[in-house]
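Work through the exercises below with the structure in view. Try each task before reading its solution.

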Amino acid sequence: LLVTSAVRTPAGDTGALPLHALRERSSSVPLHSLTPAQTEAMFDSVFGDVPHVALLSDRIHRVALGNPRMSMELAQQLTNQGAIRYDAGMWTLPSELERAALPSSLEAAFTERIAALSPLARRIAECHALCAYRELTRDDHKVLLGDATLEATNHALQELLEREVLTADGQRLSL
């Protein structure tokens, strides 16, 4: 979460602070894992008053270990698989979840997510992982992936953005 506001510079005009100045004036707030009850409350707010929220919440909480983003991603995975359905303005949750419907652990979930990437998209993600805390531009990708065509690189970058492996600010891409 980032909260910002316009500021007056010494010259008197309103402008954005450079990133380093923003970092100097910011503080980190540790986020703790959700409890099982908080996970259930989150899914109550997402799916509404429907049967089987407790079962779904419990199973997802066991895999995601209380990580809210991962919990939502696992719910999305179940929706993509058709286990969770939305019809006529109402969610339908499964009365039981097969063992194969969810990964067995957070590590398995990440492994499945990486395995689902195309080879070039995986290679780009690996480059980003090796360039920790550094955003890369499209020009950086051209240098790093010299043997890949521009079209293939753009397709792989789009895949990573759609799967929310990378984020973009218009100029730079980052994990």
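## Exercise 1: One helix, two sides

The buried residues of α5 pack against α3 and α4. This is a predicted model.

**Task.** Find which residues of α5 are buried, and decide on which side of α5 they lie.

**Solution.**
1. Start with the buried residues of α5: L106, A108 and A109.
2. Check their spread. They cover an arc of only 160 degrees around the axis, so they sit on the same side of α5.
3. Turn to the face pointing away from that buried side. It carries the exposed residues E107 and A115.
4. Recall the general rule. An α-helix has 3.6 residues a turn, so residues three or four places apart point the same way.

## Exercise 2: The largest nonpolar core

**Task.** Name the residues of the largest nonpolar core that touch the most other members. Then say which elements give two or more residues to this core.

**Solution.**
1. The largest nonpolar core has 21 residues. Those touching the most other members are F43, F47, L56, I60, L74, L78 and L93.
2. Four elements give two or more residues to this core: α2 (36-47), α3 (53-64), α4 (68-81) and α5 (106-115).
3. The most comes from α3, with 5 residues.
4. Now look elsewhere. A second, separate core has 12 residues, among them L117, A125, L157 and L173.
5. Return to F43. Set aside its neighbours within four places in sequence. F43 is then in contact with G48, V53, S57, I60, S71, M72 and A75.

## Exercise 3: Aromatic pairs

**Task.** Classify the ring pair F47 and W91, then the ring pair Y86 and W91.

**Solution.**
1. A search of the whole structure finds 3 aromatic pairs.
2. Take F47 and W91. Their ring centres are 5.2 Å apart and their planes meet at 80 degrees, so this pair is edge-to-face. The angle decides here, because planes over 60 degrees apart count as edge-to-face.
3. Place the two residues. F47 belongs to helix α2 and W91 to strand β4 (residues 90-92), so the pair ties together parts 44 residues apart in sequence.
4. Take Y86 and W91. Their ring centres are 4.8 Å apart and their planes stand at 55 degrees, so this pair is tilted.
5. Sort the three residues by accessibility. F47 is buried, with a relative accessible area of 6%. W91 is partly exposed, at 23% relative accessibility. Y86 is exposed, at 51%.
6. Put the rings together. F43, F47, Y86 and W91 form one aromatic cluster.

## Exercise 4: Positive phi

**Task.** Where is L65 found, and where is A88 found? Are they buried or exposed?

**Solution.**
1. Begin with the background. Most residues other than glycine have a negative phi.
2. L65 is not a glycine, yet its phi is positive, about 55 degrees. L65 lies in the loop between α3 and α4.
3. A88 is not a glycine either, and has a positive phi of about 55 degrees. A88 lies in the loop between β3 (85-87) and β4.
4. Now apply the cut-off: exposed means over 50% relative accessible area. L65 has 54%, so L65 is exposed. A88 has 78%, so A88 is exposed.

How values were computed: Residues numbered from 1 in each chain as written. Predicted model: local features only at pLDDT ≥ 70, side-chain atom pairs only at ≥ 80, totals over all residues. Heavy atoms only, no water. Core = buried A, V, L, I, M, F, W, Y, C linked by side-chain atoms within 4.5 Å. Buried < 20%, exposed > 50% of the residue type's maximum accessible area, 1.4 Å probe, protein only. Contact = heavy atoms within 4.5 Å. Phe/Tyr/Trp six-rings, centres within 6.5 Å; stacked < 30°, edge-to-face > 60°. Arc of directions from axis to C-beta.
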